[in-house]
Amino acid sequence: MKKQYKVGRLPYRVIFAEGGRNDERLIRSSAPFEVAVDETEAMLFELHVDDTFRPAHTGAEIGQFDCGGSNHGVYRQDDGTYQIRISDVQGRQCCLLETTADFSAGHCALNGNDDMRTFGLNNALMMMYAFAAADRGTLLMHASVVREQGVGYLFLGVSGTGKSTHTSNWLRYIPATDLMNDDNPVVRVIDNEVVVFGSPWSGKTPCYRNIEAPVGAFVQLRQAPHNRIRRQTVVEAFSSLLPSCSVMKWDARVYRGICDTVTHVMEAVPTYFLENLPDEAAVRLSYETIRVKA
C-alpha cells in the first residue's frame, strides 16, 4: 500500500508491506498532508515499512541523535548507508531504520505495540525528511510558532523554557492569532523568502495543520524575573537558530546545507532574545517589538 504526502511543498512516499500489521493509521497526524499518489513526481524520499526487514550488516556507531528526550543510535556502513535504532522515552527500541547516504530511500521494521510503532515510524519520517531536505533550503526546527495577520512568529528554546506557555498566551491575548505548530515546524527559503509550514510532527500538542506563512521573526526565550527583549547580533542569531534545527554534525552534506540555510534565514529575518515571565506583559512586549507592521 502506497501513501504520498506533501510537507512544506516537498513530496514523499510511504510504502507499507502487504499483509503486515502496519498501515497509515500509525501516522494519523500525517492525514492533513496526504495527496494523491503520483508515480511521475520526483520524491524527496521514499520509505518502505516492513517488519521482516533485516539489514545484512551493522555499521560502526558514530553518534546518538537526541529527539525530544529519546536517544537514537546512529550507525554508518562503509558505503555511507545509515542505520538508526529509534527508541522511545522508556528506552524501548521501536524502529530499525536503514537509509541511503542522502536519505532519499529507506527501509524500516517496527516493533512493539501500536503506540511504540507510531512513535518509531513518526520519528523515522521526521529524520528522513529533515536530512533528505537539508541541502534544499529546508530546516526542521524545534520551535513553537503562531500566526498573526498572516505572518508566522517562531519561539525557540530548549525544553522547559516556556515556548508553549508563551504561544498559548499569544493565542489568549492577541486577537486573530492561531497556532501553526507547537514543536517541529518546517522553515524553508523559497525564492529568497523565508516561509514556515505546519508539519505532521508537533510534540505533545496535537497541532497538525497543512498551512504556511511568511516568517516575521524568530525569538529565543529564557525564563527570568522580568520582561526584557532585544535584537540579537549576527553571532547570537546563528547560535540561536542552529541548535534549534534537526542536524547531524557528522554528515558533511547535512551540516553544510543546514548551516547555509540558517545563514540565509538570519540575513532575511530578525532574531530576538526575550527574557520573560509567563504573563500577559511578556506577550505585549514581544508582540509590539517583533510584529510586522502593515
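What follows is a walk through the overall build, the nonpolar cores and two backbone oddities of this protein.

The model is a predicted one, so everything here is about computed coordinates. In secondary structure terms, the protein contains 18 strands and 5 helices. The C-alpha trace stretches over about 55 × 40 × 35 Å along its principal axes. The radius of gyration comes out at 19 Å, and because a compact globule of 294 residues would sit near 19 Å, the two agree. As for the contact map, take the contacts with a sequence separation of 6 or more: 64% of them link residues 24 or more positions apart.

On to the surface and what hides beneath. Of the 294 residues, 56% are buried. The accessible surface adds up to about 13,000 Å², and carbon and sulfur atoms hold 49% of that. Charge-wise, there are 35 negative side chains and 30 positive ones, with 4 Å between the centres of the two sets.

Inside, the largest nonpolar core gathers 68 residues. Leu47, Leu121, Leu154 and Phe218 have the most contacts within this core. Its top contributor is helix H1, spanning residues 114-132, which supplies 10 residues. A second core lies apart from that one and has 18 residues, including Phe155, Leu179, Val219 and Ile290.

Phe218 deserves a look of its own. Once neighbours within four places in sequence are set aside, Phe218 is in contact with Met141, Leu154, Leu156, Val187 and Leu241, and also with Val265, Val269, Pro270, Thr271 and Tyr272. One of these partners, Leu154, is itself listed with Phe218 among the residues with the most contacts in the largest core.

Finally, the backbone. Two residues that are not glycine turn up with positive phi, beginning with Ala176, whose phi is near 55°. Ala176 sits in the loop that runs between helix H2 (163-173) and strand E13 (177-181). Is Ala176 buried or exposed? Its relative accessibility is 59%, so Ala176 counts as exposed, the cut-off for that label being over 50%.

Asp191 is the other case, with a phi of about 50°, again positive without being a glycine. Where is Asp191 found? The residue belongs to the loop between strand E14 (186-190) and strand E15 (193-197). Asp191 has a relative accessibility of 73% and therefore counts as exposed too.

Definitions and conventions
Residues are numbered from 1 along each chain as its sequence is written. This is a predicted model: local features need pLDDT of at least 70, side-chain atom pairs count only at pLDDT 80 or more; totals for chains, interfaces and linings use all residues. Side-chain values use heavy atoms; hydrogens and water are left out. Helices (H or I, at least four residues) and strands (E, at least two) are DSSP runs, numbered from the N terminus. The radius of gyration is taken over C-alpha atoms; the globule rule is 2.2 Å times the number of residues to the power 0.38. Buried means under 20% relative accessible area, exposed over 50%, partly exposed in between (1.4 Å probe, protein chains only). Contact means heavy atoms within 4.5 Å. Accessible areas come from the Shrake-Rupley method with a 1.4 Å probe; for residues, only the protein chains shown count as cover. Lys and Arg count as positive and Asp and Glu as negative; His and the chain ends are not counted. The place of a charge is taken as NZ of Lys, CZ of Arg, CG of Asp or CD of Glu. A nonpolar core is a set of buried Ala, Val, Leu, Ile, Met, Phe, Trp, Tyr and Cys residues joined through side-chain atoms within 4.5 Å.
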